[in-house]
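This report introduces a structure to a reader who has not met it before. It takes up the cysteines, then a pair of strands, and then the confidence of the model.

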Amino acid sequence: MLDFIQNFPLFCIIMTLFSGVLCSVLSARAARNCCLMVVSADGVLNAAVLVYTIRMGDSFTYMMGHFPAPWGNEIRVGVLEAMLAMVFSIVMLLSLLGGMKHIFEDVESTKVNLYFLMMNLLFVSMLCLIYTNDLFTGYVFVEINTIAACAIVMARKGNQTLVATMRYLCLSLLGSGMFLMGICILYDITGHLLMVSLHGAIEQLASSGQYAQPLEVVIVLFCVGLATKSALFPFHSWLPDAHGSSTSASSAILSGLVLKGYIILLIKIVYRVLGIDVFNSSKAINVLFFFGCCAMIVGSLHAMTEKDLKRMIAYSSVAQIGYIYMAIGLGSTTGMIAAVFQILAHAFTKPMLFDAAGGFMEVSGGSRKFSRLRGAGRRNGLAGIAFVVGALSMIGIPMFAGFITKYYLAAAAIQSGTKKLIIGLMVLAVSTLLNAMYYVPAIMVLFSRAGGNAQEGDKFTLICDKKNVSFVIAMAVFIAANLYLGCCSGTVIRLIQSGLNMLA
């Protein structure tokens with residue numbers, strides 16, 4: 001007999017899906033309220049599931065429909081899944097609140113309700129990627145996620161977003177195709193799609209030595225396909241345009257959540273499908289480590305040359321995604337802890353930076369160019385404070401979330417062995433220096449004297465628009481969450497360890 005609370009993950013999925021359908025027939029403001037209420041309810045339900053799994057000390061599976069797996073479908077819930085779903089709900093809500101004003105300014109008034117429909121569809125796909133226990137179901141929601149993500153990029157008026165969307169769609173479909181080919185080959189050699197059944201079959205194949213080459217091809221296809229969709233170098237060329245040209249809320253959600261959904265699916269595949277030993281023995285792990293290191297450097301170098309604030313933040317995401325793949329490529333438990341913690345830290349930091357950038361644009365005539373943003377941190381003080389907190393976290397200053405990621409990355413590199421130890425520590429040090437070399441000048445520009453009318457341009461205003469209460473709430477919670485992850489990371493790390501143990 002199931003406990004009633006075990007129904008909550010399915011309730012979240014069904015509720016979010018149907019609220020999207022409802023948004024299509026509602027007015028713009030009613031659709032906004034519906035979306036915010038549903039995402040808030042999802043956060044509460046997922047928090048309850050997290051508490052339940054912690055107390056239970058184990059994961060559980062939920063059968064969807066009247067037929068058990070493998071004929072029917074099922075979802076799997078443990079501490080890690082519940083925590084990620086709760087965090088995604090919180091970040092989704094805060095990102096929408098922080099960029100709400102820009103949604104109604106940048107999206108055509110007749111299409112705002114459709115924008116929130118796509119937000120619901122995007123969010124339900126991310127919940128399914130977190131909770132699914134079936135590989136093909138994961139693929140289905142990967143595609144739904146892609147379509148909805150393209151729609152929220154294209155929602156902003158202008159030709160630039162159409163070009164960015166097409167580039168995003170083409171490269172994303174390439175990644176989806178590779179992922180699907182991997183599923184097809186794996187189904188051909190095992191006859192299973194359920195993650196538990198696949199894991200048992202792959203263990204037998206690995207121990208017997210059968211299908212060694214096809215299995216290696218499958219691992220490469222999974223890694224490269226999902227790396228392409230999550231903008232790992234050198235598959236990142238679509239990201240700056242897509243994230244830089246979107247409205248602030250879209251940029252925040254795309255960078256903070258959408259990219260992470262694919263990585264979470266990859267981590268589930270590593271533990272639940274391939275097995276950590278099979279994955280660590282493959283060549284793919286070294287490829288992920290190499291390209292993760294390259295991304296940390298290349299993304300930062302591109303960000304240093306940018307004169308556009310949002311594109312700079314977008315290129316920074318390329319570097320931050322590199323941290324996650326470098327951590328996975330280290331092939332240790334500490335590395336996986338660093339990867340998951342970076343997912344959380346980046347989820348709470350990058351949306352804050354994008355929403356803060358939207359606040360700067362409000363007081364700078366809508367411009368994103370640094371030449372026009374001089375003094376914007378003074379004119380919108382709350383956005384300025386949030387940007388400073390986010391920048392310090394990205395650099396890895398102690399007391400902020402990013403520092404914990406770099407600490408565990410360094411610890412994982414030390415545990416990994418001679419070659420990866422030297423490369424990992426060197427790249428981590430250089431990347432940290434490069435982060436400082438573009439975030440610190442950006443802060444200096446944003447808080448420098450604006451010139452012209454000195455009294456007006458240099459006046460520090462904590463809250464630019466007192467009517468924009470949602471922006472104030474979002475920035476305050478983002479700042480608090482970042483400081484919590486930086487100062488009180490012990491509890492979060494223990495939850496991550498517990499969740500990874502349940503995945504294995």
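A disulfide is counted here when a pair of cysteine sulfur atoms lies within 2.5 Å. The model is a predicted one, and by this rule it holds zero disulfides. Cysteine 170 cannot form such a bond because its sulfur is 9.0 Å from the closest cysteine sulfur, which belongs to cysteine 150. Cysteine 488 is likewise in no disulfide, and the cysteine sulfur nearest to it, that of cysteine 487, is 5.9 Å away. The table sets out how far the side of each of these two residues is open to the surroundings, as relative accessible area.

| Residue | Relative accessible area | State |
|---|---|---|
| Cysteine 170 | 51% | exposed |
| Cysteine 488 | 38% | partly exposed |

Turning to the strands, E1 (residues 60–64) and E2 are joined by five bridges and run antiparallel. Within this pairing, tyrosine 62 has isoleucine 75 of E2 as its bridge partner. Strand E2, which spans residues 73–77, is mostly covered, with four of its five residues buried.

As for confidence, the protein has a mean pLDDT of 86, and 95% of its residues reach 70 or more. Confidence is highest in helix H3 (residues 79–98), at a mean of 93, and lowest in helix H20 (residues 454–457), where the mean is 47. Over residues 452–456 the pLDDT is below 50, and this stretch has zero contacts in the model beyond near neighbours in sequence. Where pLDDT is low, the predicted coordinates should not be read in detail.

Key:
Residues are numbered from 1 along each chain as its sequence is written. This is a predicted model: local features need pLDDT of at least 70, side-chain atom pairs count only at pLDDT 80 or more; totals for chains, interfaces and linings use all residues. Side-chain values use heavy atoms; hydrogens and water are left out. Buried means under 20% relative accessible area, exposed over 50%, partly exposed in between (1.4 Å probe, protein chains only). pLDDT is the predictor's confidence in each residue, from 0 to 100. Helices (H or I, at least four residues) and strands (E, at least two) are DSSP runs, numbered from the N terminus. Contact means heavy atoms within 4.5 Å. Two strands pair if DSSP finds at least two bridges between them.
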